[in-house]
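Here is a short tour of how two chains fit together. Please take a look at the sequence and structure below before reading on.

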Amino acid sequence: MSDKVTNYPGTSLTEKDIVDGNVLSIHDEMQGDFSWDTGIAIGRYLAGFKEGVILGSHCTHCRKTVVPPRIVCEWCFRPMDRFLPLGDTGTVNTFSLCYVTWDVQRIKEPETPAVIEIDGASPLHGIMHKLGEVDPQQISIGMRIKAVWKPADEREGAITDILYFKPTKE
Amino acid sequence: MSMRKVAVVGAGMTKFVRRALETGKELSWQATSMALESCELTMDDIEGVCLGTAPDAFDGVHMKGEYLSDGAGAWRKPYMRSYVGGGTGVFVPIQGWYHVASGMFDVVLVVAEEKMSSYYPHAQGAFLTIFDHTTERPLKPNLLWIFALEMNRYMQTYGISKKDIAQVAVKNKRNAADHPSALLGDSDITVEDVLNSEVLAWPVNRLDVSPVSDGAVALVLAAEHVAKRITDKPVWIEGVGWNLDTAYWTNRDLAYPRYVEYAARMAYDMAGIKEPRKQINIVEPYDPFDYKELHHLEGLLLADRGQAPQLVADGITLRNGDMPVCPSGGLLGVGNPIAAAGLMKVAELYWQLRGEAGARQVPGQPKRGLAQAWGDLMQVGTVVIMGR
């Protein structure tokens, strides 16, 4: 703001002004229903989950193995050479203990999202998932973990076929 | 490359508030008319308009560019809205710059607007669709996760403590106490206040985060021959840069923002800057979370990797330090109406370099400043360097 200005536009309201009806407002809810196609690479990735496998894709030219798999290599812009099964084990790259929901409601037991470097993928290549069967206060970066899968007959070809990752004793 | 010199010749901004009575159109008009008034131009002098605003989802309005066009003065003019997530506020002046540098326009208006309060019950909900719909959204992520995950990786990689990082929030909220349009200025805040505030998503506490806000900012850009007629203190856009990293954010080095480095190198090259730490006098890096200011100073090559907290601890980034960082008060102090917050940083450089920042004025007649924003899915860097 310039020191030549003496009038500052913009009028601050509080939630109370809305609730008490001091100002008028219009409330509306929008609904959106979608059916997303999985495409080629993610279709294979999801089909892999049904079999209890985490699938990546490999570029021979760049010697890179990425996850989630894709059909084109971002580095050289050539088609990926092949899909390949990776381990269902990995390493905690980073994690959080989250005490709020998306609409900022408070929760007592924290959610435990993590970025998980998957064994068999290139260094620092991982996926986002959650950690489980662990005291949140005991989670650390570098911790070795393994996927806990839904029973085979309950899997539906979704990222949630992995319930969470739990620590392994190595 | 044959490009014309481009100057900023006028600027205006509304107050940043948690919830504004005014609509987005009205906020846009308020900021725009202030900017025009500051350089004594009228809408007749404006040849084109560039607008920046973040997701349509905030407002529940399809094609927000068109919706805001009357408030931004776009009627019967060449008009385009740009959008690169949180990076928008520093991208839209770049868009304005190439309008003028190209020779197509002599005078353009650059407007950035955000009204985040309309989304119920909380603007965070509008961010849910940034996550991949097939591979991530079934895990029911929220926006805080992504920042908490990145902050934790940054802390662990370099051995940085939450206390080191909290100093940034303290500095910026104290700086904002001198900004007449700021939402969260607090001259008495301490590191303990930040560390003792509620844990939202460890390691992120409530006071590590900038507030959801409404607001608008506008600039007037002019080609050299026009700028010199309008003002005797034009502030030149000396360098611009922007760069994008992979959208597969879990395949990236979360401890270092390489895309910010690439954007900065592009801008330094254009501005002929060889030693940024000596040649940049004021920095306005993007600070939606306190750790991001540090992360970005490293990406901008203004601090060694993992060493930005030491600059803060040594007082170098204070308003009267050797390299003032966020003298405005930043997003943490002034507020974070996404696109408007980024453009506020560019406006702050304009006021600082003209010596009219009042109580916020950086001493020593600074010659050159850098503003940077960041966004999309943690992967876009936008940089503007300005000098007098």
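## A pair of strands in chain A

Strand β4 (residues 89–95) of chain A pairs with strand β7 (residues 113–118) of chain A through 5 bridges, in the antiparallel sense. Strands (E, at least two residues) and helices (H or I, at least four) are DSSP runs numbered from the N terminus, and two strands pair if DSSP finds at least two bridges between them. Within this pair, A:Gly90 has A:Ile118 in β7(A) as its bridge partner.

This is a predicted model, in which local features need pLDDT of at least 70, side-chain atom pairs count only at pLDDT 80 or more, and totals for chains, interfaces and linings use all residues. Residues are numbered from 1 along each chain as its sequence is written, while chains are lettered from A and ligands numbered from 1 in the order in which they are written.

## The wider sheet

Both strands belong to an open, antiparallel sheet of 5 strands in chain A, ordered β8-β7-β4-β9-β10. At its edges stand β8 (126–130) and β10 (162–167) of chain A; each has a single partner strand, so one side of each is left without a neighbour in the sheet.

## Where chain B comes in

α4(B) packs on the sheet and touches β4 and β7 of chain A. The contact takes 44 residues from chain A and 51 residues from chain B, where contact means C-beta atoms, placed from the backbone, within 7 Å. On the chain B side, α4(B) gives the largest share, 7 residues.

Strands meet across the chains too: 2 bridges join β5 (residues 97–100) of chain A to β5(B), running antiparallel. There, A:Cys98 stands opposite B:Ala201.

Note on methods. Two residues are in contact if their C-beta atoms, placed from the backbone, lie within 7 Å. Axes are lines fitted to C-alpha atoms, for helices over the stretch in contact, and angles run from 0 to 180 degrees between N-to-C directions.
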